Amino acid sequence: MSGERDTIAAISTAPGAGGIAIVRLSGPRAEAILRAAFRPANAKADLSGRRLTYGAAVDEDGAAIDEAMAVLMRAPYTYTREDVAEIHCHGGSACASAVLRRVLLLGARAAEPGEFTRRAYENGRVDLSRAEAVMQLVGAQGEAARRAALRQMRGGVASFVEGAVQRLTDMLSRIQAAVDFPEEVDEAAVAAQVRAELEELAGQIEQRADPKRARMLREGASVVLCGRPNVGKSSLMNALLSAERAIVTDIPGTTRDVLSERFTLGGKVVRLSDTAGIRASGDAIERMGVERARSEVEAADVALLVLDMSQPLTDEDRALLAKADERYLLCLNKRDLPEALDEAALPDLPAVRLCARTGEGVERLLARLEERLGAGGGEEECFTVERQLRLAREAAATLRGCAQALGDGFSPDVVAPDMLRACELLDNVTGRDASEEVISAIFANFCVGK
């Protein structure tokens, strides 16, 4: 990206047909370009009042390009802390592209991906964690992801990181005091105290830097229906979605592949997958479906193992139950039929009695599923970006190593350099010590116009 403070321009709204498209400018010539490219309907209109003004975008001959609204916002009270102008024209590529061509002919430069947000970062309006939160917010799937990104934009992660660095700085000052004034400061007492504080801080960082939790916030949770054929998995999928999405028949093995749909539960996006009935089969296509089903279950955040209450446990049921772990919820289906399943023979796993055909018990299952998906803790101050997760987890591991060294009897001043290293890693989360290469890589992933 150019380091010069030229004026940049881009279409800031998503491509395709729509009611409105916005062409945004930022830089020292934003006002001059706006006044040349936009003609107010009222000749006395004041463009400098931070209010939308009605008029027309015009070409070099003064002919109207499109009916439009425009607004001028002066530095430093803007997103980039530079003069910013916007022309709001009709949606669709033709109008917006024509307006963009006009402002580029007037001397603006086409913005690179993320350049508006990069200028906000370079001008001190946001740090790197807040800048990354912008893209997290733009791409948020579900209310939980939106809330997490908004908290990060408002400094949740930055505040936690700054507090952690301050705590480490305080520990380092006490270590230095023990080195400088050994007759007045008890080194053993300092070592014991610092060790406890390091372990506590490492735990807090690890809690907020859980990759699984971050992925579930960003992308949604994976919930997989599994079980032997004809136990009602497809019926249960339709009941959970409140839609006839999966084909339901009495013929075992109807589902041959993984069928997935998304829905929202408690503000979180859930990817619900129906899988082929797991059993031994001589059918080559069905065997492929069974293998895919097993792969989906292995990768799932939650596995809903469906059992038929109207039949005794089969060897296939027992084989599936033997592999069940803490991710599993048992769905005891077909409770509208005479019961033949011996529940005492089931493992000690959460279970919900239901009937997918009538809908009985489905709400209880959804409540239990929502509880399970929220069991990882709150969303506050959670690291959700892969770069931040890597840095935070490395910092936590470094602090664990420091605490272990102190427990093994090493002097506090021996671990001080590693504690400083952890400070540097955390500072990189907010970009205090980030390299130009890292900064460029982050903003290269942004959309143009943001």
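**Exercise 1. State how many helices and strands the protein has.**

Solution. Take the DSSP runs, numbered from the N terminus: H or I over at least four residues for helices, E over at least two for strands. The protein then has 15 helices and 13 strands. The model is predicted: local features need pLDDT of at least 70, side-chain atom pairs count only at pLDDT 80 or more, and totals for chains, interfaces and linings use all residues. Residues are numbered from 1 along each chain as its sequence is written, and side-chain values use heavy atoms, with hydrogens and water left out.

**Exercise 2. Work out the strand order of the seven-stranded open sheet and find its edges.**

Solution. Start with pairing: two strands pair if DSSP finds at least two bridges between them. The order is β3-β4-β5-β6-β2-β1-β7, with mixed pairing. The edge strands are β3 (38–40) and β7 (109–110), each of which pairs on one side only. Next, take β5 (residues 64–73) and β6 (residues 84–90): they run antiparallel and are joined by five bridges. Val71 stands opposite Glu86 in β6.

**Exercise 3. Place helix α1 against the strands.**

Solution. Contact means heavy atoms within 4.5 Å. Angles run from 0 to 180 degrees between N-to-C directions, using lines fitted to C-alpha atoms, for helices over the stretch in contact. Helix α1 (residues 30–37) lies across β2 (20–26), β3, β4 (53–58), β5 and β6. Its angle to β6 is about 30°.

**Exercise 4. Analyse three salt bridges within helices, giving distance, spacing and exposure.**

Solution. The criterion is a side-chain nitrogen of Lys or Arg within 4 Å of a carboxyl oxygen of Asp or Glu. By this rule there are 31 salt bridges. For exposure, buried means under 20% relative accessible area, exposed over 50%, and partly exposed in between (1.4 Å probe, protein chains only).

- Glu122 and Arg118: the closest N and O atoms are 2.8 Å apart. The two are four residues apart in helix α3 (residues 115–122), so about one helical turn separates them. Glu122 is partly exposed at 42%, whereas Arg118 is buried at 6%.
- Asp315 and Arg318: the N to O distance is 3.4 Å. Both lie in helix α11 (residues 315–322), three residues apart. Asp315 is exposed at 62%; Arg318 is partly exposed at 45%.
- Arg421 and Glu424: the closest N and O atoms are 3.8 Å apart. Both lie in helix α14 (residues 412–430), three residues apart, about one turn. Arg421 is partly exposed at 35%, and Glu424 is partly exposed at 38%.

Last step: look for shared partners. Salt bridges that share partners join Arg5, Asp6, Glu82, Arg109, Glu112, Glu115, Arg118, Arg119 and Glu122 into one network.
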